[in-house]
Amino acid sequence: MSKENTVLLAYSGGLDTSCILKWLQEKGYDVVTFTADIGQEEDFDAARVKAEKLGAKQVVIQDLRREFCEEFISVGIQANAIYEDRYLLGTALARPCIARAMVKVAKNEGIRYISHGATGKGNDQIRFELACYALYPEVKIISPWRLPEFYTRFKGRSDLFEYAKENGIPLPITLKAPWSIDANLMHVSYESGILEDPKNKAPDTLYEMTTDPEKAPDKPEKLEIEFRTGIPIRVKNLADGTEKSDALGLYLYLNELGGRHGIGRIDIVENRFLGMKSRGIYETPAGTILREAHLDIENLTMDRELRKIKHQLSVEFSQQVYRGLWYSPECTFIRQCIEKSQEGIDGTVYCKLYKGHVYITGRESPLSLYNQELVSMDVQGEYNPEDAAGFITITALRSKSPSTYLLQERRDNTFPRENGIPTTTKTLQEQGINSNYIKLLSDIYTDNPTTVCLHKDSSIIKIKKAIRQEDTMPPKLSIACTEKIFRTIEWTKKGININ
Ligand code: ARG
């Protein structure tokens, strides 16, 4: 058959992608479905039968669990990847893996079109498509949820149901959860639907991977986790001696143990790449355990200055992964740096899992940089305490410089605090500030532009000086407001009309 009009569709077997399958056919395309086993609980045989029944020209189902674990999750662990300090990137890491596998099939089969069911508001469309374009520049993407023709026709779930009935698409037997789920080996993520109001607590029944920490076993689980080049290569359960040493088996085992002990749940608001904030709930049991253990072995074995640079790269890497830039020059470069940084990260971490937490209890390494003699309170070792005095004196040179000292003291006096919140104790009048200035300041503060514009350059410079000299702010103005005043002054000076 000619492949001119063939589309490779990322197919989950659910209602959305089944409707997309039919709709693509309606538009004149032949459809080949691609279903990835990336560790989600799913009936792949049923998905195959369904796709065939709906007229797919070919059904491809691939087990990507091992490559996901070995080539994507592992890098995340080595990097200590974390987005906005909390999200371990389970969905974001899976997308380039799935896209890569689809591109391989598309290229082998000579298929030019790739389609997916990601929504038009999310990160996944970006991740998926950026990966496809990077690996297959000529590819043509069909993203129905971004096509007016599609989204105006299918406004809600009931439209999809209607279409499914008309087109012989089997309706889901189980009631759809009132939120969207994305599940894989690394995590289950929940968002949208009733979770959209960030104030509302998620129902206890939502969680699929982990036990509620309050209901977790009273007895901790003690483990030994061994790393080589920053990659976990062996896990041993110290209670029953169970050992796992292949990447996937080890990860699955930690998911099971972590899940039982309620580890790796978070409920957060995050910043999507497209600009909106969204509320998400995640369960990442093994990822959380391995992150804690890896951070620990890294601190034992990695040089302090290298660690600092690597940490900065990790922040950058996490954002690149979140933003779908896995296959970009900058991300490829950082991955190489991260891999290089892991050369000496060998050793074993001892920990226990208990009521939602991972407690690190010890560590050892043949490449440890820890020098017990050097740090000990009891041994002098190769260290002369008198040298510390010189070290401190020289380090303090900067702080002792008169202007640094004065500025520091001034800052402390300028921002006295009440209950930790900066406040001024004296009013501006009490501090002898010219009433014209006070008026101007309060106009700036209350966003009354008239006076500011009238006063223009010279008076504003005077005000700036006055504020500097008097070291004060209008009463009850916060630091943020003072900053705003300075900003306004700067703008006016530059001739920018603050209207
Ligand atoms: N917000 C997460 C991310 O962008 C998860 C997105 C998919 N999750 C979902 N439940 N649909 O990586």
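**Note on the sheet and helices of a predicted model**

1. In this structure, which is a predicted model, leucine 9 has serine 115 of strand β4 as its bridge partner. The two strands concerned, β1 (residues 6-10) and β4 (residues 113-115), pair in the parallel sense, and 3 bridges join them.

2. The pairing of β1 with β4 can be placed in an open sheet of 5 strands, whose order is β3-β2-β1-β4-β5 and whose pairing is parallel. At the edges stand β3 (58-63) and β5 (140-142), and each has a single partner strand, so one side of each is left without a neighbour in the sheet. On average, neighbouring strands of this sheet are turned by 25° against each other, with direction ignored.

3. Helices also lie across these strands: helix α2 (residues 44-53) lies across β2 (30-37) and β3, running at about 160° to β3, while helix α5 (residues 124-135) lies across β1, β4 and β5, running at about 160° to β5.

4. Helix α4 (residues 90-109) has 20 residues and reaches 29 Å from its first C-alpha to its last, which is close to the 28 Å expected at 1.5 Å a residue. This helix, α4, is mostly covered, with 16 of its 20 residues buried, and it is followed by glycine 110, whose phi is positive, near 65°.

5. How do helix α8 (residues 247-260) and helix α9 (residues 285-301) pack, and at what angle? Their axes are 7 Å apart and the angle is about 100°, which makes α8 roughly perpendicular to α9. Among the residues making the contact are Tyr251 and Leu254 of α8 and Ile289 and Leu290 of α9; by class, the contact has 6 nonpolar, 4 polar and no charged residues.

Technical notes. Residues numbered from 1 in each chain as written. Predicted model: local features only at pLDDT ≥ 70, side-chain atom pairs only at ≥ 80, totals over all residues. Heavy atoms only, no water. Axes fitted to C-alpha atoms, helices over the stretch in contact; angles between N-to-C directions. Helix = DSSP H or I, 4+ residues; strand = E, 2+ residues; numbered from the N terminus. Parallel < 35°, antiparallel > 145°, perpendicular 65-115°, else oblique. Contact = heavy atoms within 4.5 Å. Nonpolar A, V, L, I, M, F, W, Y, C, P; charged D, E, K, R; others polar. Expected span 1.5 Å × (residues − 1). Buried < 20%, exposed > 50% of the residue type's maximum accessible area, 1.4 Å probe, protein only. Pairing = 2+ DSSP bridges.
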